[in-house]
Amino acid sequence: MTTTPASLFFNPRTYDPKHFDAETARLLRATIDWFENRGKEKLLSDYFSHVWYADFLEFQAREGLFATFLTTAADAHASPDKRWDTSRIAALSEVLGFYGLVYWYTWQVTILGLGPVWQSDTASVRARVAQLLADGGVGAFGLSEREHGADIYSTDLLLIPDGDGGYLANGGKYYIGNGNVARIVSVFGRRTDVEGPDGYVFFAADSRHPSYQLVQNVVPSQMYVSEFRLVDYPVAAEDIMHAGEAAFSAALNTVNIGKFNLCFGGIGIAEHALYETITHAHKRILYGEPVTKFGHIRRYFVDAYTRLTAMKLFSDRAVDYFRTANPDDRRYLLFNPITKMKVTTEAEQVVALLAEVAAAKGFEKDQYLTIASNDVRGRPKLEGTVAVNLALINKFMPAYLFQPQDYPPVPTRTDPADDEFLFRQGSARGLAKVRFHDWRLAYARFAAIGNVAAFTAQAEGFAALLANAPPAPEQLAEQDFTLALGELFTLIVYGQLIAEQAEIIDLDADVLDEIFSVLVRDFSALAVALHGKAACTEQQRNAALALVAAPRADQDRFDRVWQQVESLSGTYEMRA
Ligand SMILES: Cc1cc2nc3c(=O)[nH]c(=O)nc-3n(C[C@H](O)[C@H](O)[C@H](O)COP(=O)(O)OP(=O)(O)OC[C@H]3O[C@@H](n4cnc5c(N)ncnc54)[C@H](O)[C@@H]3O)c2cc1C
């Protein structure tokens, strides 16, 4: 039987994670029930009053939620349910995003805080952190600084040797989530007695230590995004988790692990907003008819629905690559920043479309859409920015497009494995050496679907543009130009994993066609943007314009997909 998106979308009323083990399913269900029993009124009033979510953290501590999901098997000490299982981490990220970015965020920064710990060989830190988690503690990731933003090379958190094998740490960190309460604060800095990259250090700090000074919450929100200062904070040798280049790699590898959950959080936000908006619009009568009679409203809904489905397909498939990764298969390093910058910006698009439909309703204090519209903007900026991730994605472009290599098939990975490779990813270098399987295969399987064929032709046109009119070195040095190429390239990778997952789950062909109708339109818009770049040559301009194509329209297909959207009306409303 073919799959329709309604069965893919998270719905608290019908959620039945039977592909997980009993304890995982229980914890997911308990989390959903906690939010539902607490109700929408409290969810929203706490949000608008910036109430710190101590009750949620008490719930997670009581249930052992973070401890079960975020302790690696190596540190689980015979607790059979503890493991680092990306599949269930993704599921919980979606659930938390569904109830709000702020709940997702406290979980997310705990994940980031744990990254350097579980990558470390320092047994004392690992044991301490495993115990803190078991006691209900949360983590924080102290990388960013006020003055340096994405430029983490320039850290001013300084470690001065104390002459006894330890250090005194001094300096400030900025934008650090959970910095008000975390007992596990992974802090990045550099030694004053060593020049260059050899001086980098990742060490474990505790926000309760008297030398840890909490300065402020830098955001007006329920979540606490802290500025803190360390003043002669004593760092013992056994607090050091990584030193030298390894500390830098630990930072980037942690971001790889943490980045991943942004997409599922964004999916959760968009799903909740979709249920609320279709239910409202379908009941709202204007000029004697439901609002959903308007042609443009249906178009907004069908686009939101298909974009959301695409986000879900790509992200679910990316889980498989993430979990199957090993030193010889690092394809996840490309799919990961795409989950980060593409799926999250798609979440923004979906929520924007729904906000167009809801109009004034989307500003009211009793609407989830009000908070979704506000919070969804933040997601692409939480780990790097779209530009930073695109710059990373571009490193893979030549190998992906022009040097395919065979790999064994990657199965669906919802099995209860511990994803230990993520904590031994190794050096963050050598990205251009990563090879990919042939992207054309996934597209070829759906050649009979009109918009997949149209999109494939666009992708081929882009590869031909690069082969026939390759960017000159001075163009490659112009980031405004390379980022425009990167946006087009990203869509090809995005479509590939969407097609792979569509085949795996046997997605309804109408929906797949509509998804690719969106991709054809997006690709055309990006081609026009490339055409307008000052750095473009005449030959590249002409080739860029040749990429513009119209999607294959089919009113009957559109109507069938619209009926799927319509049928979501009333299927979920959060308990008051
Ligand atoms: C709500 C929130 C919570 C956060 N939580 C944490 C946390 O818990 N821990 C933590 O360590 N950090 C956290 N961050 C920081 C986040 O990771 C940074 O915002 C991010 O690293 C970018 O830094 P910046 O925002 O200061 O931008 P800047 O680095 O100042 O960038 C300015 C501009 O330059 C561009 N740019 C910079 N470098 C490049 C490049 N290499 N290539 C292309 N373009 C580039 C950017 O795209 C951007 O447009 C949080 C941020 C926010 C907003």
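**Close-ups of the ligand and two cysteines**

**View 1. Pieces of the chain that surround the ligand.** Three elements, α6 (101–118), β3 (167–177) and α12 (386–394), each give at least two residues to the shell around the ligand. The strand β3 has the largest share of that shell, with three residues. Keep in mind as you look around that this is a predicted model.

**View 2. Who sits around the ligand.** There are 18 residues around the ligand, and the ones that come nearest are Tyr105, Ser144, Ala150, Tyr175 and Thr385. Sort the shell by residue type and you get eleven nonpolar residues, six polar ones and one charged one.

**View 3. Polar atoms next to the ligand.** Start with Tyr105: a polar atom of its side chain is 2.7 Å from a ligand nitrogen. Tyr175 works with its backbone instead, where a polar atom lies 2.8 Å from a nitrogen atom of the ligand. Over at Gly177, a polar backbone atom is 3.0 Å from an oxygen atom of the ligand. Now zoom out to the whole ligand: on its own it exposes 970 Å², and the protein buries 65% of that.

**View 4. Two cysteines, and a count of disulfides.** Are Cys263 and Cys536 buried or exposed? Cys263 has a relative accessible area of 1%, so it is buried. Cys536 is buried too, because its relative accessible area is 6%, and the cut-off for buried is under 20%. How many disulfides does the count come to? Two cysteine sulfur atoms have to lie within 2.5 Å to make a disulfide, and by this rule the count is zero.

Conventions. Residues are numbered from 1 along each chain as its sequence is written. This is a predicted model: local features need pLDDT of at least 70, side-chain atom pairs count only at pLDDT 80 or more; totals for chains, interfaces and linings use all residues. Side-chain values use heavy atoms; hydrogens and water are left out. Buried means under 20% relative accessible area, exposed over 50%, partly exposed in between (1.4 Å probe, protein chains only). A residue is near a molecule or strand if one of its heavy atoms lies within 4 Å of it. A polar contact is a pair of N or O atoms within 3.5 Å; within protein, one must be able to donate a hydrogen and the other to accept it, and residues adjacent in sequence count only if both atoms are side-chain atoms. Accessible areas come from the Shrake-Rupley method with a 1.4 Å probe; for residues, only the protein chains shown count as cover. Helices (H or I, at least four residues) and strands (E, at least two) are DSSP runs, numbered from the N terminus. Ala, Val, Leu, Ile, Met, Phe, Trp, Tyr, Cys and Pro count as nonpolar, Asp, Glu, Lys and Arg as charged, and the others, Gly among them, as polar.
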